Amino acid sequence: MSIDTVRADLLAQGWTGTILEFAESSATVELAAQQAGTEPARIAKTLAFASTTDEPGAILVVAAGDAKVNGGMFKREFRAKPSMLKFDDVERLTGHPVGGVCPFANPDEARVYLDASLRRFETVFPAAGSAHSAVELTIAELEELSDALGWVDVCTGWRDEE
């Protein structure tokens, strides 16, 4: 079960928090916000894209719940148009089912990046490996526990001027 893998991964890194497990689905930003009792923007959604290079695996971009990937910005960053993973490839390439994709306990080939849209919050709520879970983390904790390769700016719709 993916949530157990995430729990083991986080604990192995020294994290001592609690994974929130919900009776109802948290598979969408809106549902996750309801379940976590927070605003949708603070849901840290993990978007799974096909690799843009010859490297195997997936590109995982963790973005704020109110942010939308911008094709041009993504292409400038990753040198190819964004192509979401096909449903049948999600679990194999991310280690998690649709609705539970998160930046923890991923296969080695999955490359995690954090989007600038998250930086405006003190804490955010990424999924924890299932469509009924989340974990509240500070941005510093998210950066450390996700083994993110870095920060990117590939989303729009969240800045005041947009």
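Start by selecting Ala 50 and Ala 58: Ala 58, in strand E3, is the bridge partner of Ala 50. You're looking at a predicted model, so keep that in mind as you click around. Now widen the selection to the two whole strands, E2 (43-50) and E3 (58-64). E2 and E3 run antiparallel to each other and pair over seven bridges.

**Next stop: the other side of E2**

Keep E2 on screen and add strand E6 (123-126). This pairing goes the parallel way, with two bridges between E2 and E6. To see one of them, pick Ile 43 and look across to Phe 125 in E6, its bridge partner.

While you're here, is E2 enclosed or open? Switch on a surface for everything else and you'll find that E2 is largely enclosed by the rest of the structure, because seven of its eight residues are buried. Here "buried" means under 20% relative accessible area.

Something to keep in mind when you show side chains on strands: in a regular strand they alternate between the two faces of the sheet.

**Zoom out: the whole sheet**

Now colour the strands E8, E6, E2, E3, E5 and E9. In that order they make an open sheet of six strands, and the pairing is mixed. Which strands stand at the edges? Select E8 (137-138) and E9 (151-152): each has a single partner strand, so one side of each is left without a neighbour in the sheet.

Follow the sheet to its E9 end. There, E5 and E9 pair in the parallel sense over two bridges. Click on Leu 114 and you'll see Trp 151 of E9 standing opposite.

**Into the largest pocket**

Select Ala 27, Thr 46, Gly 99, Gly 100 and Val 101 and centre the view on them. The largest pocket has a volume of about 400 Å³, and of the 25 residues lining this pocket, those five are the closest to its centre.

Which element gives the most to the lining? That's E2 again, with six residues. Other elements that give two or more residues include helix H2 (29-36), helix H4 (87-94) and strand E7 (133-134). Try colouring the lining by class: you should get 17 nonpolar, six polar and two charged residues.

**A second pocket**

Move on to Asn 106, Pro 107, Ala 110, Ser 146 and Asp 147. These lie nearest the centre of the second largest pocket, which is lined by 15 residues. The space in this pocket comes to about 200 Å³. Colour by class once more and the lining splits into eight nonpolar, three polar and four charged residues.

**Salt bridge hunting**

How many salt bridges are there in the whole structure? A search finds six. Let's visit some of them.

Show the side chains of Asp 4 and Arg 7. They meet in a salt bridge, 3.2 Å from N to O. Both residues sit in helix H1 (residues 2-12), three residues apart, or about one turn of the helix. Asp 4 is partly exposed, at 41% relative accessible area, and Arg 7 is partly exposed too, at 27%. Add Glu 21 to the selection, and you have a network of salt bridges linking Asp 4, Arg 7 and Glu 21.

Now jump to helix H4 and pick Asp 89 and Arg 92. Their side chains form a salt bridge with 3.0 Å between N and O. Being three residues apart in H4, the two are separated by about one helical turn. Asp 89 counts as partly exposed, at 22%, whereas Arg 92 is exposed, at 56%.

For a change of scene, select Asp 66 and Arg 120. The closest N and O atoms in this salt bridge are 2.4 Å apart. This one links distant parts of the chain, 54 residues apart: Asp 66 is in the loop between E3 and E4 (68-69), and Arg 120 is in the loop between E5 (111-115) and E6. Asp 66 is partly exposed, with 27% relative accessibility, and Arg 120 is partly exposed as well, at 36%.

**Last stop: the record**

Finally, select residues 24-144. An unreviewed UniProt entry places the feature "domain: YbaK/aminoacyl-tRNA synthetase-associated" there. Within this span, 25% is helix and 25% is strand, and its end C-alpha atoms lie 29 Å apart.

Terms used: Residues are numbered from 1 along each chain as its sequence is written. This is a predicted model: local features need pLDDT of at least 70, side-chain atom pairs count only at pLDDT 80 or more; totals for chains, interfaces and linings use all residues. Side-chain values use heavy atoms; hydrogens and water are left out. On a 1 Å grid over the protein atoms alone, a cavity is a set of points where a 1.4 Å probe fits but cannot get out, and a pocket is an open set with protein on both sides within 12 Å along at least five of seven lines; lining residues have an atom within 4 Å of a point. Grid points are joined across faces, edges and corners, and a volume is the space filled by probe spheres set on the points. Helices (H or I, at least four residues) and strands (E, at least two) are DSSP runs, numbered from the N terminus. Ala, Val, Leu, Ile, Met, Phe, Trp, Tyr, Cys and Pro count as nonpolar, Asp, Glu, Lys and Arg as charged, and the others, Gly among them, as polar. A salt bridge is a side-chain nitrogen of Lys or Arg within 4 Å of a carboxyl oxygen of Asp or Glu. Buried means under 20% relative accessible area, exposed over 50%, partly exposed in between (1.4 Å probe, protein chains only). UniProt positions are given in the numbering used here, feature names are shortened, and annotations may be inferred rather than shown by experiment. Two strands pair if DSSP finds at least two bridges between them.
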